[in-house]
Each structure stands twice: as structure tokens, then as C-alpha cells.
Amino acid sequence: MIHKTSPEVGGMGHSIKRKEDLRFIQGKGNYVDDVRLPGMVYGQLVRSPYAHARLKSVNTDKAKKLPGVLAVITGEDLAKANLAWMPTLSYDKQMVLATGKVLFQSQEVAFVVAEDRYIAADAAELVEVEYEELPVLVDPHKALDPDAPLLREDREQKNNHIFHWEVGDRQATEQVFEKAPVKASVHAFFPRCHPAPLETCGCVADFNRATGRLTVYMTSQAPHAHRTVFALVGGIPENNIRVVSPDIGGGFGNKVPVYPGYVCAIVASLTLGLPVKWIETRSENLQSTGFARDYHMTAEIAADRDGKMQALRVKTLADHGAFNAAAQPTKFPAGLFSICTGSYEYPNAFCEVDGVYTNKAPGGIAYRCSFRVTEAAYLIERVVDVLALELKMDPAELRRKNFIPAAKFPYKSSLGWTYDSGNYEAAMNLALEKIGYRQLRAEQAEKRKKGELMGIGISSFTEIVGAGPAHTFDILGIKMFDSCEIRVHPTGKAMARMGTKSQGQGHETTYAQIVAQELGIPAADVTIEEGDTDTAPYGLGTYASRSTPTSGAATAIAARKIRDKAKKIAAYLLECNENDLEWEPGKFYVKGAPTKAKTIQEIAFAAYTNIPPGLEAGLEAVDYYDPPNLTFPFGTYVCVVDIDKGTGEVKVRRFVAVDDCGNIINPMIVEGQIHGGLTEGLGIAFMQQIDYDESGNVQGGSFMDYLLPTAVETPHWETGKTCTPSPHHPFGAKGVGESPNVGSPAAFVNAVVDALSHLGVKHIDMPITPAKVWKVLQEKGVAA
Amino acid sequence: MAKTAEQMVRVTVNGRERQASLEPRLLLVHFIREVLQLTGTHVGCDTSHCGACTVLLNGKTVKSCTMFAVQADGGEVLTVEGLSANGQLHPLQEGFKEEHGLQCGFCTPGMLMSSYALLRNNPRPSEEEIRWGISGNLCRCTGYQNIVSAVLYAAAKMAKDKTVPVEMAEVGGTR
Amino acid sequence: MIPPAFEYLRPKTIPEAVAFLKQYGDDAKILSGGQSLIPMMKLRIARPSYLIDINRISGLSYIKEEAGFLKIGGLSREADLEASALIRSKYPIILDTAHVIADPQVRNLATIAGNLAHGDPANDHPATMLALGAQIVATGPAGERIIPIEEFFLSVFSTALKPGEILTEIRIPIPPAHSGGAYLKLERKVGDFATAAVAAQVTLDGNGAVQKAGIGLTNVGPTPIKARKAEEFLRGKKVDEANARQAGQLAAEEAQPSSDLRGPAEYKRGLVKELARRALSRAAERAEA
């Protein structure tokens, strides 16, 4: 069904080299901090050192007097324009600059604007703020206690409870648990961590008084949505706002929310009539922008004695920090967490999540999470391993016994998702074969006799991406379609624009390959543009692995609309009936007379020079794609670890990742995504946490203590694939960018626990530091 | 805060002599990015951990965010913009493209400079030596694996094609 | 991210540098590698009004053996130690140490002198110098004086350098034949400070028993720690499994770790015990080679 194009055309399946690389390898990328405009000035935020305090006064006199300072904006100033608060992407609101009180350490209190960033830094120190400390709440388990400090005085509801959400059948599930002969449970904490893309967030806000237009260059994964938000919040006509996302140095969800710095820069630019640049520091990025996870989860499985799972029960406490600034579809306050049934058949399931406020930075959805799928996949893969231990069953065999069989797709889970396609056993078999599972188990048995510790961890994850169908999905009311507009020029080259926005995923190459596949125009002849809201069609942006499922689909559909018109032109040029024509990538030819053909380039030329009567000139199309369903990529990861009994260090000896994302556009790019996500998962599993002490002081608020793996810690990743196309996607593809982050933490943790399970260890919370492992070894009496 | 006396700084950057009167506290990275307008060198952190700002000073890699521009006075700086000669890509740049050693591109200039220095001191590095050689450069996108392949590609190419200049003085640069 | 303003001075000689230090006192800081100082200035924790850049002073960069000592100049960089054939062949404990400091870029600028003079118990060379019984040469207004390493580290960020003094040379007595040393560091990731680290240097007699042992501990107290009891215990004994273990136990008891983001105190103590055992075994192996 999918014609293979030649390497010169470079359609689906070709690992063509990336078109965007040329500028990056020469240092000619154009990131936000590279933007320089005449008269540009610099902004810097002043931030609260306290986690919870009344704001008594903000004195800006000294700061304003510093030579080179143009303005100092406070919450009071913004309040006059009704801008001290702004809506979040979760229908909560968040302070832009504090008024009345501050709610987390590093919260934004004032914004200084100066001629250069050095003066801005000096001026920020001169802003005098008086605080009166209030009791601090950092333990989410205490957030709903009657004597807990009340954080959000602005809400009608006077407590720290944000939401309760549940799905599934509570009663039916409980009944199964009451009767179940076998039960396993785990309490798993997914620590607060942070995506930390290498480029921090920032913008240049440029209000042009002469034209009345506001241009905002910003690190935005969703430029159109941001434009609409700015219009609604700022009261600026949307046609007078242009958002430009230039090159972005990594996003991973960090660049989806609207941050106070952007709003302050815009206000400053509107006030001064000058371009205002705001670029946050790394510490600001880690301490105030959208964190990830912070889910306290309990999962229980009820099963038969032979290991067949009958019910799943999940309860989660979600710590959202001071404001619910998580970016997620409206109907899903816990994102797509209800994918927690994973790859298994559960006749009964029930899941509930409660969100609470604490004195911590706001957020929750980020770090390649697919909207909380990372939390869900981690939880189910952990509890399945705990069940395997309980049953004394091999964890691969337990999974095999309970996988949704390939024949049952599309499969409706008892928590409401219709999985489009899957073949979990095939992926697992391939992974086990590649890692040499049987030999490893034999080796482990031998090593255990000698007191050596090695472990094998399996994670057979299913995830859910490509949000999403209009009937269920919207963010702030905007439906989650996405778009593509293609224009073919007379000389047969093309340009296409989409509503998504790459932050390194290679869209300039992969989208061109989709066009190449559908039209036979070489990918090298197709220019792809994203990110400029003046020219790109409206879209919801790139995150949650949605680009290929949504804009990728739109690209194919738009290309097919062009092909339909091209067929008409070809029929006209070949003086035959459309029905007499066959297509192969790049040309239409007459059935049975293949030399009577017209290439797409000839057709394009004719579209401008020899237009069939009754047809409009030109060769272009636009498509806004409403996906009929999400897509469900999956895979099995297997990790082998060895533990140093003297130090507690865990060494990843091998890691095999088998992924299935359906039909692949560019295998090289997909493999690169897997490498990157696995490395993020490694960091999460072993070394990353943003924590707070009891006074709300952040721990891990800089790269000194928030640890990113270097090339030395990162092992060699072995990848493989199976291919189970999505039946509803125009070219059978699914998203894949987040799968490695979704699937790998459980593989790492399962491996460590597996290394220690014979000593009675069932679970260790992340990050699994050498100190934690050492403590376990001491407790079990097996330390060196 | 009173302004301190500015200092005259003369540096050869990518083969071209530059001079400016600067505040002593101006970080070398800001001198490169803002005064010289060479924005290929990036800032990724504020605690000297990430290496995105790596350039060569007098033949050795340094984190340009952890030096003052005045310290480079009289010296020679090589940035990523100086890697290609006469419009021809350096084998390392070619390697990064051929082996998919970059995704968002933000760490890439720093990686190129560290790899460049590594290959000068060790033209035939093992995979382990490459990983140690780039241990001062963080990447969030690639997981490092293809970066290692890119450096191996370049090492092989440079060994084969001995006419490729490796000494900094011979690298022309574009600005 | 942006340091406060300062006046920049670039002396051409040590006496000129010393004069500046004397003139500006507490308001001035020496800038050599700057890899510890500049990050502190960028965080605005350190705020010197005067920065005295000594990097252009000639004659301070050398690694040589002379008059019974290995002498390392005050401006010798970590990278110089890594590249030195002398260090690589005869002083692997120093190579071990240099190699685990920060990362390649930092090592190109960071000086071993600065690593000692900064007085940070988390730095790596102090423990190694304690194990080697080094001497610090300080040059100040009153001229040169020698400070034995055991008297050099006073408390956190505080050394025996007097106001106006610059650390201009490190002297290590050339170890006799049948000597060997090793430095083992456990860090959360490459580039981090030690969760704990141990430097072990031994000299063995003709029978393979320890004639002299030096053991230094990194980042498990307010200063680097010389594990004297462990050193004493080893005298006259072979470095076998049991003795190495016992020495490690003693060293662990001499450590004074605090719980922090790198780990709980008891873990650090356990690490000292284990790393000391391993470092001593490696040192003994090298001594016998």
C-alpha cells in the first residue's frame, strides 16, 4: 500500500540526512537569544526567597535611579491593567507578578528593564521587598489536613484541593478485589523532576508603536495557542499579534506554558515602545518553570492464582505546586493517566486522582510525559513486577499471559480508551531475543550463588499520543486539530507550513518526506516552515508526541488533495479520462501505456501555464486534521544492571529498546529520539529530583544538584523495532518521541529491584541513588 | 554601583583581530555573542556545568561563561564559526550531519569545539575516550550515541585525508 | 549569572601581585584558574572589588623533580598534570586526582594551587597532598615560607595562608622506591564534587609490609582529613584484605561527614571505609610493581 520511493525522492522509510543541520553545525541557528533588534533592552525578574509569605512592600526607588534602568514593573502596576493574574492552561490562574502574597520560592515579584543585561542584574538587586513569612506547606499528604495553611486565598473554595477525578467502575472493581485469591500492590512515588532543555525559556517582545503590531519571538512549542492567549489576556487584537518561534533548543514540554517573564516583557514593550528581551537563567528555569511528575501513586492488582489479572485499582495524589499550571486537555485534569491499564487486559479497573496545592513551583505536565503517560506506564510496569514476585512467576511470562492479544485490536480498555492497534508479544519477544534473556537468567542464578548482584528489568509499555479528537480534546477551549498548508510552485518545488513547532524533532526533514511520499517531489525540493503565526496555519503545537499523528496526517491529506487536482490536470494534458490514470510517486500515467505520463513537475508547471478550463490556477491545498482517535505506540525495553556491593553504584550493562510506532518516516530520526529519551529516563531513574525542605527551600535548583547525565554515565543503547501500523492514520504512523521516557524508568527500576528481589526487596523509589541501594544492602546484610 | 574602568581588549577571533573597550566583568561568552555578534556559542546554564559555551582559547577548550573577556586579551579564540574554511565544512561538522549527531542544535557548537580539541590531542580516540572528551558538554536530545559516531566519522576522515588542516592557525573562519 | 562590577588588575610579577593584595586586603581576590571563584562571583556570593589576575606571571608553570621534591608551580593547570609524562609515570595518585576534577574544559584552566588554596573540603587535591605529606610554599609581603600540608587546612574555605600571601609552589617529597598511591572518588556524576573520596599512599619495606602510609579523605568533614589512626594501624603490616578492611574501618571512624544532597552521613562513612580499602589495595599493587 505504501509505495517505496527512490532514495533521491526520499519518501517514507528513508533515513535521509536532516535538512536543518546545515545551519546548526555552523553555529548559524537562530534561537531567541540570538534575536537582536534596534533599540532592544533587557528585562530581569526579581524573585521571592520565601516559599510562603505576605508581600508587605515593594520599593523600586533605588532600582529606578540606577543609570541605564528604564522601568521597574511590580504586581501593583500590573494590577492596574488587570494583568497581575493570568489564566493557566488548566483553567486555574497564576500570578504574573505577586500581589498580596508569594506562594513558592523563586516566585516572580518584580521586573526590571535596563539598557543591557548587566545593568538589569544590578538593578534587580536594588529592588527592596519586605516579606512577612507564613507557615509553609510542602507535604502534599498534609495539604488537606484541617490545620493546613491555606495557600490560595484568591479561590472561592477555601482549601488546598484542586480537583478530584475518577474513571472506571469503583464498585465492580472492589468486588473483584474482595474475592481475589492473589493481590499485589505498590506505593510508587514519581519524584518531581524537570525537563531542563539546554536552552532556557525566553522572548523578545517587540511592540511597534508606528504599526500597532506586537511581535513576540519566543521559545514556544505552541505559537498559535500562545498568540490567542495573549490576545484574550492582553486585550490586543489577535491580528495585531505575531508570535514567532524561531529555532528552539529543546522543549520537552518546558516551553508549552505561558510564563510571567513573557507577559512582563510584553507589558514592558507596550509601555516603552521598545523591543524587550527576557531570557531566564538556568536556575530560574529549574526553580520556576513547568516541572514534571510529583505523583504519589498506589496501584493494586487482583489476580487469579495462575496469574491472570482481573482488576486494577489506582489512587494518586498529585502535587501541582502553588498554581495548577499544567498544560493538558480540559477534560483531563490528570492528563491521560488512565492509560494505566497499560498493555494488559483488565476486565475491571478504577482510577482516581486528587490534585492539591503546595508551596512549590507550579506545573505538572512536562518532560516528555505524553500528558502523564510516563507516570501511568511507570506505575503499571512496577506493579506488574510486584505481582510477578508475589506469584514467583517470571515477569516476562506474567506479561505474556496478560497482554491484550493482537487479534483483539481495536481494543476498548475498562478505563475508556480504544487502543488502535498493538502486538505486544511480538515486541517483547524481539526484545528478549536481542538481550539474550534466557542466558541472562541463567547467569543471574549463578551469580546469586556467589552473592553477586545483577538484575534484569522489563518494561512492556503502551502509550497514548496524538491528542486529539475534537469531541474529547481541547486546551482552553481550542480543539486539538492540527494543520498543513502546501503550495507547489511552477517549477515543481514546494513549500509547506504546519501548525506544529519542532524543537529538535527534525520536522524540516520528516514533513518534507511525507510530501515526497505522497507527491513524489523530492524531499530536498520541499521547504518546511513552522512557528510564525502570520504565515503558518493554526495549530496546537508540538508536545505529547502529537505532530506525526496530527500535522503529519494533515500533510498527507493536503498532499492527497493536491494529487486529486494534479490528476485532473494530468488527464487534461494527456487528453484522457481521469479514470484511465494510474499513480506512482512522481507521476500519473495511462493504464497500459506507461510512457504516456506526466510528472508532478510537468503538472505543476501546467497549473500556472496551461490551466484546464473550469479549474482554478495553482496547485495548493490546506488541511485541518481532526484525528478520529489517538494512536497507541508501544514497546518492550529490557535493562540489565550490575550492582557494586561496596558502594551501591548501579551500572547499566545493557539496554535493549524495541519500539513500535507503526510506519516510520525517517528511521534515523526515530532512533535518535529513542536514544535521547532513554538518556532522560536514565537521569530520572537514577539521579534527578527537585525537592523542597520543610521551609520550602528548593533543593536541586541548579545544575550543581539537578543532575543531567553526561556521555560517561550514558550507556550504549541498543534499539530494534516492530511495525504495527495505526489503522486510522493516513499513513499508518503513530507518535514516538516520548516512548523512551515513558517506557524506560520502569525498566531501570525493575532491573534494580530484580537484582535485590531474592533478598526480599519489592520496590525502591526513584531516584535510585547509590546511597539508597547501599542502605538496602546494609539492611539486608549483604553489603561488601 | 559605580561603573569600573573599562579595559581595552585585543583578541584574534577566528583568525581576525578584534578590539573593544570593555567592562572587566563582561564574560567572554557575552563578548563573543553580543560585542562580536557571533551567536553560535550558546549559554545553557549559570553554574558552569553545561559546556554549551565552549570555545578554544589559545588552543585549549574553555567555558567562555567562566572567564572574563579581559582574560583573553592578546590571545586567540576559535569559535564554531571558525571551524569551516573557505566555505568547506570541517570533517567534524560533516560527521555530525552524516551521523545525526544533533537534534535541536543547541549543544552542537560546544560539542564541536570539544571534539575538535579532542581530535587534535588524540586523532584516534576510542569510544570511551570520546565520551570522556565530551564529558564537559551536556546534551538533552541525542543521548550522546550519535555524537560519538560523528566524532569517529571525523577521526576516520581526517586520518584518511591528511590534507585537512588541523592546526588552528590554518583554519580560516568565516568572520 | 552576571557578576557585580570589580576593578581588574594584571600584575606582571609576584611581588606586584602581593603588593596589590596587601593594598586592597579583604576587598581583593586572586584570579588564577577562576573555575571556583568566577562561578561564585556569578552567583554574587563572592563580591571582590578587586580581581588580581596572576595568569600572565611567568615562571610559575612547571612540574619537575628537584632536590628531593616533586615541585609543581602555582600556575600549573590540572591539564598540565594530566599531560605530564613525569606525573603519568611516577605519580599516578596525582594523575588519578587531576583526572576526576570537574571536566576537560575546567581542567584546562583550573590550577592545582587554586584547588588547595580555595580551602573547599570538597576539592580533590587536598586529600592527595595530605597522603603525600606535601608542603605549601606561600609567597607574601614577608617573603616565602613553607607550610606543612597538615597545618594548611583550618576550616571551611579557610587556610593557613596569611593576608597578602599567594600559593606559589607545591612540594611533594619524592617517595622512596616501593611506593605507590591511588585516589578513588565516588561522585554522583562526572564533574561533581566527591560524595566521598580517599587518597592512599604507601611505602613498603623489603618484606612488603607498610613502612609508611598516608591517607587523606575528601568532603567528609569541614576540612580534608588525614586519617592518622588508619595510617598508624598499617605500619609494619602487609596490605592484605583484612588489614585494608580494618584500615578502612578506622578511616571511616575518623571521618566527620554531614548529610546533604550527596547522601546521608552514614553512607559517606560507609563509602570512606570501602574506598579506603580499595585505594590502599591499589596503592600497594602500584608499590609492588
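B:Asn58 sits in the loop of chain B that runs between strand E3 (54-57) and strand E4 (60-63); helices (H or I, at least four residues) and strands (E, at least two) are DSSP runs numbered from the N terminus. Although B:Asn58 is not a glycine, its phi is positive, about 50 degrees. This is a predicted model, in which local features need pLDDT of at least 70 and side-chain atom pairs count only at pLDDT 80 or more, while totals for chains, interfaces and linings use all residues. Residues are numbered from 1 along each chain as its sequence is written, chains are lettered from A and ligands numbered from 1 in the order in which they are written, and side-chain values use heavy atoms, with hydrogens and water left out.

Most residues other than glycine have a negative phi, and most peptide bonds are trans. Here are some backbone spots to look up.

| Place | Feature | Value |
|---|---|---|
| B:Asn58 | positive phi | about 50 degrees |
| C:Ala102 | positive phi | about 50 degrees |
| A:Phe409 and A:Pro410 | cis peptide bond | omega about -5 degrees |
| A:Ala467 and A:Gly468 | cis peptide bond | omega about -25 degrees |

In chain C, the loop between helix H5 (92-99) and helix H6 (104-109) holds C:Ala102. In chain A, A:Pro410 belongs to the loop between helix H10 (395-402) and strand E19 (411-412), and A:Gly468 to the loop between strand E21 (453-462) and strand E22 (474-475).

Now for the empty space inside. The whole structure has six cavities of 30 Å³ or more. A cavity is a set of points, on a 1 Å grid over the protein atoms alone, where a 1.4 Å probe fits but cannot get out; lining residues have an atom within 4 Å of a point. Points are joined across faces, edges and corners, and the volume is the space filled by probe spheres set on them. The largest cavity holds about 620 Å³. Its lining has 45 residues, and A:Gln505, A:Thr542, A:Ser545, A:Gln673 and A:Gly737 lie nearest the centre. Helices H13 (507-519), H14 (548-574) and H16 (667-686) of chain A each give at least two lining residues, with H13(A) giving the largest share, four.

Finally, look at a helix pair in chain A. The axes of H9 (residues 373-391) and H17 (residues 739-756) come within 8 Å and cross at roughly 30 degrees; axes are lines fitted to C-alpha atoms, for helices over the stretch in contact, and angles run from 0 to 180 degrees between N-to-C directions. H9(A) and H17(A) are therefore roughly parallel to each other, a term for angles under 35 degrees.

Terms used
On a 1 Å grid over the protein atoms alone, a cavity is a set of points where a 1.4 Å probe fits but cannot get out, and a pocket is an open set with protein on both sides within 12 Å along at least five of seven lines; lining residues have an atom within 4 Å of a point. Angles under 35 degrees count as roughly parallel, over 145 as roughly antiparallel, 65 to 115 as roughly perpendicular and the rest as oblique.
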